[in-house]
Amino acid sequence: MNDRITLREQLAGMAFAAPYIIGVAAFLVFPLAMSLYYSFCNYSMLQPPIWIGWDNYRDLLTDHAFHTALWNTIFYAAVSVPFTLTLSLLLALLLNEPVRGQGLYRTIVFLPSLVPLVASALIWQWLFNADKGLINAMLRPVLHVLGQLVLSPLAGALGADHATIESLRHLSPPVWLGDPHWAMAAIIFISFWGVGQTVVIFLAGLQDVPHELYEAAEMDGAGAIHRLFHITLPMLSPVIFFNLIMGVIGSWQIFDVPYVMTGGGPGRSTLFYSMYIFEAAFNQLRMGPACAMAWIQLLIILFLTVLAFASARKWVYYA
Amino acid sequence: MNRKPALRTHLLLLLAALAYVAPLLWMIDTSLKHEVQAVRIPPVLIPHPIRWQNYVHVLRDPQFDFSLFARNTLIIATLSALGAMLSSSLVAYSLAKIRWRGRGLVFGIVLGSMMIPFPVFMVPLYRIFRELGWIGTSLPLWVPAFFGIPFFIFLLRQFYLTIPRELSEAAVMDGCSHFGIWWRIMLPLTRPALLVVGLFSFMGAWNNFLGPLVYLTHQSTFTLSVALQVYQSRSGGTSYNLLMAASVLIIAPVLILFFLAQRTFIRGIATTGLK
């Protein structure tokens, strides 16, 4: 066996990879360096950048809008990622059952992930409309019955005061996008609608779990729950890990849906990290702070990924 | 092993399917209603009369030149798909089938760069494209696709690795160059994977919002996503029937493409016997 790389192979390899090598230089390394440099500059794009040292980073320490955007994004990621992962896994298990119309069910769950996010945002803005939206139209009668027949009698039996009982009799649904807390809840809820691709990846992973394992477990009399926790989940753990990483990276970059649906409001309750970078750069022409924030975002994502890889040793099982 | 799925499974599947399809159905439903009927409480389930005029209204709106935006988007999406298929398959071939010093490093960069969030590049790329005089044109949205997309390079490389080495070695014996192997063996054998790359990049470009928002400055160059957002803020969120009709028009091509390609994929995978 000849291990030497011939000059011809070396040149061919580089020639075939040339588009990417040039692309890396032009669209990756050079912009990364520029972005890092700008993050230490006062720069509006209209005048040349002026070096100001750590000022942009220092100013972020006292920038309340930045803190809000950071916190909103952390909250969104911390809630949305575990819930969408669990939901997609459950859906994949369900869609893996051999039922009639399986293909149709799979297609239906996958379809929403194909919908352009701008259109998604508009559809859900309409569904979440406080007065005329379908969601509140369905919630109103439910809350009415619940308040009249369950909650207010219960409060009465527990000896609550008259005002409390009256207010429980007239429960009204949230105003969703008009309420700071419910607007965030709505945006998290929308992320559940777009899990199609994650579900497909889980489904592919389920096909690779050896059948013999289930058969052996069944012979030993293991129940469905036991099989899930001792066969399916361990065998699926590399796929769960992959989807976790993708979910974390994606959730930190959420932009389209809140930008179109709420514009970051009400107040700054749905202002997310990438939206604030965009606003700083292209509405306020504060390129320096925008680049500083982008670099912090990159470091956070890098840190979370390293953390995930470090934890993987404990729970990801490679056959 | 022949377990019959329980009734509970059927019910859960029905419930899930209903939850996932309902928003799309309600969008179509609203798009076919009169403005007044669309906002009636309690909601009217079946539109009567069915107002196809809403679609005519959207297509003829002088403020929302649908055919122009569709053409802009189609051009960008097609060029992105072509660029991604061509460049990613070349690079993937180099990483999978040619032995050369530095390919490990390049593959590492491919994997690592998938993690970098777009905002890091947003400002410098804007500067670069401005120096090139590309701001306000569609060039920033499709030219980079010709320089290889990391995720697709990774995907195609995995596919090329499954092609037996004997095949390409036999071709080399016969005096075939790498270009010949790539063109005559790899591309035909991995057509389904290449189609997946084309489809994904087409849809990615069709759905892209932040890119066009940053780089397109004139309304005449807008893509459908950006135009839809402008359309929404212009109509002030009042006439949801028209907004939903516009949304249907933007979603429909993606869904049609998906259904057409779904069959191609299955046939492609079945005939090449890859799986």
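Which residues are buried in helix α10 (residues 178-189) of chain B? I looked this up in a predicted model, and the buried ones are B:H178, B:I181, B:W182 and B:M186. Viewed down the axis of α10(B), these buried residues fall within an arc of 95°, so they line one face of the helix. I then turned to the other side of α10(B), where B:R184 and B:P188 are exposed. I also checked what covers the buried residues of α10(B): the cover includes α1 of chain A, together with α4, α8 (150-161) and α9 (165-173) of chain B.

**Chain contact**

Since α1 of chain A is part of that cover, I went on to the contact between the chains. I found 69 residues of chain A in contact with 71 residues of chain B. On the side of chain A that touches chain B, helix α1 (residues 7-38) of chain A gives the most, with 20 residues. I sorted that side by class and noted 56 nonpolar, eight polar and five charged residues.

**Core**

Next I looked up the largest nonpolar core, which has 145 residues. The members that touch the most other members are A:Y276, A:A290 and B:I153. I noted that helix α4 (residues 66-97) of chain B supplies the largest share of this core, 13 residues. In chain A, domain 1 (1-32) and domain 2 (61-127 + 182-315) both give residues to this core, so it lies between them.

I took A:A290 as one entry to follow up. Leaving aside residues up to four places away in sequence, A:A290 touches A:I277, A:A280, A:A281 and B:V123.

**Chain A as a whole**

I recorded three domains for chain A: domain 1 (1-32), domain 2 (61-127 + 182-315) and domain 3 (131-173). The centres of domain 1 and domain 2 of chain A, taken over C-alpha atoms, are 34 Å apart. For secondary structure, I have 14 helices and two strands in chain A. The radius of gyration of chain A is 26 Å, well over the 20 Å that the globule rule gives for 319 residues, so the chain is more spread out than a compact globule. Along the principal axes, the C-alpha atoms of chain A fill a box of roughly 85 × 65 × 35 Å.

I put burial in chain A at 34% of its 319 residues. Of the contacts in chain A between residues at least 6 apart in sequence, 69% join residues at least 24 apart.

**Backbone geometry**

Which peptide bond is cis, with omega near -5°, in chain A? I found the one from A:G265 to A:P266. A:P266 sits in the loop between α12 (256-261) and α13 (273-283) of chain A. In chain B, I noted a cis peptide bond joining B:H48 and B:P49, with omega about -5°. B:P49 is placed in the loop between α2 (35-38) and α3 (53-60) of chain B.

I also looked up positive phi values outside glycine. A:W176 has a phi of about 45° and is found in the loop between α7 (162-169) and α8 (180-193) of chain A. A:L285 has a phi near 55° and belongs to the loop between α13 and α14 (287-315) of chain A.

Are A:W176 and A:L285 buried or partly exposed? A:W176 has 22 other C-beta atoms within 10 Å, so I entered A:W176 as buried. For A:L285 I have 13 C-beta neighbours inside 10 Å, so A:L285 counts as partly exposed.

Note on methods:
Residues are numbered from 1 along each chain as its sequence is written. Chains are lettered from A and ligands numbered from 1 in the order in which they are written. This is a predicted model: local features need pLDDT of at least 70, side-chain atom pairs count only at pLDDT 80 or more; totals for chains, interfaces and linings use all residues. A nonpolar core is a set of buried Ala, Val, Leu, Ile, Met, Phe, Trp, Tyr and Cys residues joined through C-beta atoms within 7 Å. A residue is buried if 20 or more other C-beta atoms lie within 10 Å of its own, exposed if 12 or fewer, and partly exposed in between; C-beta atoms are placed from the backbone. Helices (H or I, at least four residues) and strands (E, at least two) are DSSP runs, numbered from the N terminus. Domain bounds come from an automatic or database domain assignment. Two residues are in contact if their C-beta atoms, placed from the backbone, lie within 7 Å. Ala, Val, Leu, Ile, Met, Phe, Trp, Tyr, Cys and Pro count as nonpolar, Asp, Glu, Lys and Arg as charged, and the others, Gly among them, as polar. The arc is that of the directions from the helix axis to the C-beta atoms. The radius of gyration is taken over C-alpha atoms; the globule rule is 2.2 Å times the number of residues to the power 0.38.
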